[in-house]
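Subject: The structure, and what turned up around one helix

Hi,

Here is the structure I promised to pass on to you. Have a look at it first, and then read on for my notes.

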Amino acid sequence: MGITKAIPLSTSSAQSLPVSSQPTSFSPQPTPEEKADVVVDTNSLSSWKHFKQELAITSLRQRSVGNPDLIPLVKAACLLHSRTLSNTPSFHTADRCCAFLESHAMTKGEGPLLFDLLTVLIPSLPLLCAHLHDFGSHSVQLVTRLLALFVRVARSSDCDDCLRQQSLIALGAMCCPETQAMLWENKELVALVQETSEMRSDDLLARFAKFCFLGNCCKVVSVSEEGKDASEEAMTILNALASTLFEEDNKDVLDLRLSGLYLLAKRGGALERITLQSCGVDEGSQLKIHDCDAKWKALVKLCSV
């Protein structure tokens with residue numbers, strides 16, 4: 001099995017944006033504030049939902065043939081996958097997978113094996129993070145270890161490219177309200193945001209992982225509000241997502257970038273919207289990839305409020 005197959009690079013075609021129903025009462029003089037509320041679908045940020053976990057488990061089973069040391073790991077991966085499908089957090093099995101990754105992440109030649117394991121583990125991360133405080137110190141410690149592990153791998157030049165990319169996607173999967181404080185208290189993660197924002201690559205998978213991570217950070221980064229400026233990280237991410245936006249030539253990557261920008265503008269205030277306008281987000285600009293037109297128009301409308 002090729003080690004890059006689990007990262008999806010094709011999603012559904014252009015998504016329609018549901019518009020809320022118009023008011024039933026008749027207003028002969030509608031005010032400018034009465035605008036249809038556009039809800040943007042940001043499911044593209046949850047790329048791990050499309051990981052081919054069954055293929056990864058099959059690959060892990062094949063690797064365990066003649067290697068009895070891997071059998072407990074394969075059993076843990078199968079159980080974790082089953083629990084994730086049933087929406088039940090399994091910290092015990094995730095702990096076993098984490099321990100294996102911690103001890104093998106820097107081992108040369110283990111890239112394909114670890115990639116398969118990450119393909120199974122990553123879809124469970126949002127569920128584990130959502131239940132961060134349900135099991136006391138055990139669950140908190142495990143999520144903390146996973147966070148440290150993925151940051152270390154993503155920043156390491158000794159790891160295979162595919163593992164660094166998977167680690168960025170894993171960190172994106174961990175972005176949720178329950179982990180918000182934990183994420184930004186981690187100085188290594190803050191440094192990774194800056195490094196990832198500056199990363200330039202023509203490799204499609206590297207770009208996909210980059211913008212998946214930064215786009216998901218938009219869910220939890222500190223934005224501007226009344227009496228408070230946006231965090232430095234928020235503006236760094238905004239500029240990275242908006243930079244060369246009109247030159248983007250891949251629909252899936254563009255979808256990630258637009259979703260992240262929309263979340264930042266929606267959560268934030270005037271600072272984010274004015275900055276986006278200065279980056280060219282207005283009605284006079286057009287994207288090359290028209291599958292994303294609806295999402296683009298929603299972003300333009302939001303920035304014009």
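Below I start with the whole chain and then move to one helix and its two neighbours.

Please keep in mind that this is a predicted model.

**The chain as a whole**

The protein chain has 14 helices and zero strands, so you will see α elements and nothing else from the N terminus on. Of its 305 residues, 51% are buried. Contacts often span long stretches of sequence: taking pairs at least 6 residues apart, 72% of the contacts join residues at least 24 apart. The accessible surface is about 14500 Å², and carbon and sulfur atoms account for 52% of that.

**Asn-216 in helix α10**

Helix α10 covers residues 204-217, and Asn-216 is part of it. Is Asn-216 buried or exposed? Its relative accessible area is 0%, so Asn-216 counts as buried. What does Asn-216 touch, apart from its neighbours within four places in sequence? The contacts are Leu-45, Trp-48, Gly-172 and Cys-175.

**α10 against α9**

Helix α9 takes in residues 187-198, and its axis comes within 10 Å of the α10 axis, with a crossing angle of roughly 130 degrees. The two helices are therefore oblique to each other, and the crossing is left-handed. On the α9 side, the contact involves Leu-189, Leu-192, Val-193, Thr-196 and Ser-197. Their partners in α10 are Lys-210, Phe-213, Leu-214 and Cys-217. Sorted by class, this contact holds six nonpolar, two polar and one charged residues.

**α10 against α12**

Helix α12 (residues 251-267) also packs on α10, at an angle of about 15 degrees and with the axes 9 Å apart. Angles under 35 degrees count as roughly parallel, which means that α10 and α12 fall into that group. This crossing is left-handed too. From α10, the contact draws on Leu-204, Arg-207, Phe-208, Phe-211, Cys-212 and Gly-215. From α12, the residues are Asp-252, Val-253, Leu-256, Arg-257, Gly-260 and Leu-263. By class, the contact of α10 with α12 has seven nonpolar, two polar and three charged residues.

If you want a place to begin in the viewer, try α10: Asn-216 sits in this helix, α9 crosses it obliquely, and α12 runs roughly parallel to it.

Best wishes

How values were computed
Residues are numbered from 1 along each chain as its sequence is written. This is a predicted model: local features need pLDDT of at least 70, side-chain atom pairs count only at pLDDT 80 or more; totals for chains, interfaces and linings use all residues. Side-chain values use heavy atoms; hydrogens and water are left out. Helices (H or I, at least four residues) and strands (E, at least two) are DSSP runs, numbered from the N terminus. Buried means under 20% relative accessible area, exposed over 50%, partly exposed in between (1.4 Å probe, protein chains only). Contact means heavy atoms within 4.5 Å. Accessible areas come from the Shrake-Rupley method with a 1.4 Å probe; for residues, only the protein chains shown count as cover. Axes are lines fitted to C-alpha atoms, for helices over the stretch in contact, and angles run from 0 to 180 degrees between N-to-C directions. Angles under 35 degrees count as roughly parallel, over 145 as roughly antiparallel, 65 to 115 as roughly perpendicular and the rest as oblique. A crossing is left-handed if the near helix is turned anticlockwise from the far one by less than a right angle, and right-handed if clockwise. Ala, Val, Leu, Ile, Met, Phe, Trp, Tyr, Cys and Pro count as nonpolar, Asp, Glu, Lys and Arg as charged, and the others, Gly among them, as polar.
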